[in-house]
Amino acid sequence: MKKIILILLVLTITGCSSEVTKVKNPDGNSLTYKYFTKENYEDDKYNLKLKNDNSIITVIKDNDNLYYGINGGMNLIIIEKEGLRYNFDLVNQIYSTESIVISENYTEGILPESMKKLKDQSYKTGKEKINSHKYVFETYKYSEGTTTYYFDDDELKFIKKQTDEEDLLYEVLKFSTKVKDSAFEIPEGYTEMTY
């Protein structure tokens, strides 16, 4: 009887923590790779909506066209197309235009850099609780830090980006590769600011 109680106690304690495993040669068998493959993801066309604290972040990309918007703690929209960057002041409904010298990668450390690289990239996996629900996670290294993808079965629910300066957890509200051209149009009612 004491052995049974001791075994149950050990199982109860270890069930609360998750063992982390390193997968060195995944060959396309990771949840992350399967998810993005199922979604037909390539790094040049996607529609992503995330929630972080009080803010909703939207990033839409179609080759060289880009829409980046934040709604919440701060409100902004940036559209990049045809070599120009449009910065929108949502309060005053005005925008400014500038030539793009360097394109920003608003999804660095959030979305995979390349599906080809992801297929064979080693990662760490285990289980972790977020909001009292246990998710399977996969953590990958990238140039600036690590990205962790959290799955409930095969559905991507959260993404964590960690660098020396940032530790951000995003809830995934939407991810698809369907993009409408209207996402890159200047909204009606906005006036260009000229100097």
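**Contacts and overall form**

I began with how far along the sequence the contacts reach: in the protein chain, among contacts between residues at least 6 apart in sequence, 48% join residues at least 24 apart. I note here that I am reading a predicted model, and I keep that in mind for each entry below.

For the secondary structure I find three helices and 13 strands in the protein chain. I then looked up the radius of gyration, which is 21 Å for the protein chain, whereas a compact globule of 195 residues would have a value near 16 Å. The C-alpha trace spans about 85 × 35 × 30 Å along the principal axes, and I record the two entries side by side.

Turning to exposure, I see that 38% of the 195 residues count as buried, and that the protein chain exposes about 12500 Å², of which carbon and sulfur atoms supply 48%.

**Nonpolar cores**

Which residues have the most contacts inside the largest nonpolar core? I find Phe36, Tyr68, Leu111, Leu156 and Phe175, in a core that has 28 residues. I followed Leu111 further, and, leaving aside its neighbours within four places in sequence, Leu111 is in contact with Phe36, Tyr41, Tyr46, Leu48, Tyr149 and Phe175. A second core, separate from that one, has 11 residues, and Ile77, Tyr95, Phe184 and Tyr190 are among them. As background I note that nonpolar side chains tend to be buried together in soluble globular proteins.

**Aromatic pairs**

I count 16 aromatic pairs in the structure. Why is the pair of Phe36 and Phe175 edge-to-face? The ring centres lie 5.3 Å apart and the planes stand at 90 degrees, and an angle over 60 counts as edge-to-face, so the pair falls in that class. The pair also links distant parts of the chain, since Phe36 belongs to helix α2 (residues 31-38) and Phe175 to strand β12 (residues 167-176), 139 residues apart.

I checked burial for both rings: Phe36 has a relative accessible area of 0% and Phe175 one of 9%, and because buried means under 20%, I enter Phe36 and Phe175 as buried.

Tyr41 and Tyr46 make a further aromatic pair, with 6.1 Å from centre to centre and 50 degrees between the planes, which I enter as tilted. Tyr41 is buried at a relative accessible area of 3%, and Tyr46 is buried with a value of 3%. Following the ring pairs onward, I arrive at a cluster that links Tyr35, Phe36, Tyr41, Tyr46, Tyr123, Tyr140, Tyr149, Phe151 and Phe175.

**Strand β10 and its partners**

Why do I call strand β10 (residues 145-152) largely enclosed by the rest of the structure? Six of the eight residues of β10 are buried, so the description follows.

On one pairing, strand β9 (residues 133-142) and β10 run in the antiparallel sense over seven bridges, with Phe137 having Tyr150 of β10 as its bridge partner. These strands, β9 and β10, form a hairpin with two residues between them.

I then looked up the pairing of β10 with strand β11 (residues 155-163), which is antiparallel over eight bridges, and in which Asp152 has Glu155 of β11 as its bridge partner. Where does a positive phi appear in the hairpin of β10 and β11? I find it at Asp153, near 60 degrees, in a hairpin that has two residues between the strands.

Notes: Residues numbered from 1 in each chain as written. Predicted model: local features only at pLDDT ≥ 70, side-chain atom pairs only at ≥ 80, totals over all residues. Heavy atoms only, no water. Phe/Tyr/Trp six-rings, centres within 6.5 Å; stacked < 30°, edge-to-face > 60°. Helix = DSSP H or I, 4+ residues; strand = E, 2+ residues; numbered from the N terminus. Buried < 20%, exposed > 50% of the residue type's maximum accessible area, 1.4 Å probe, protein only. Pairing = 2+ DSSP bridges. Rg over C-alpha atoms; globule rule 2.2 N^0.38 Å. Contact = heavy atoms within 4.5 Å. Areas by Shrake-Rupley, 256 points an atom, 1.4 Å probe, with all protein chains shown as cover. Core = buried A, V, L, I, M, F, W, Y, C linked by side-chain atoms within 4.5 Å.
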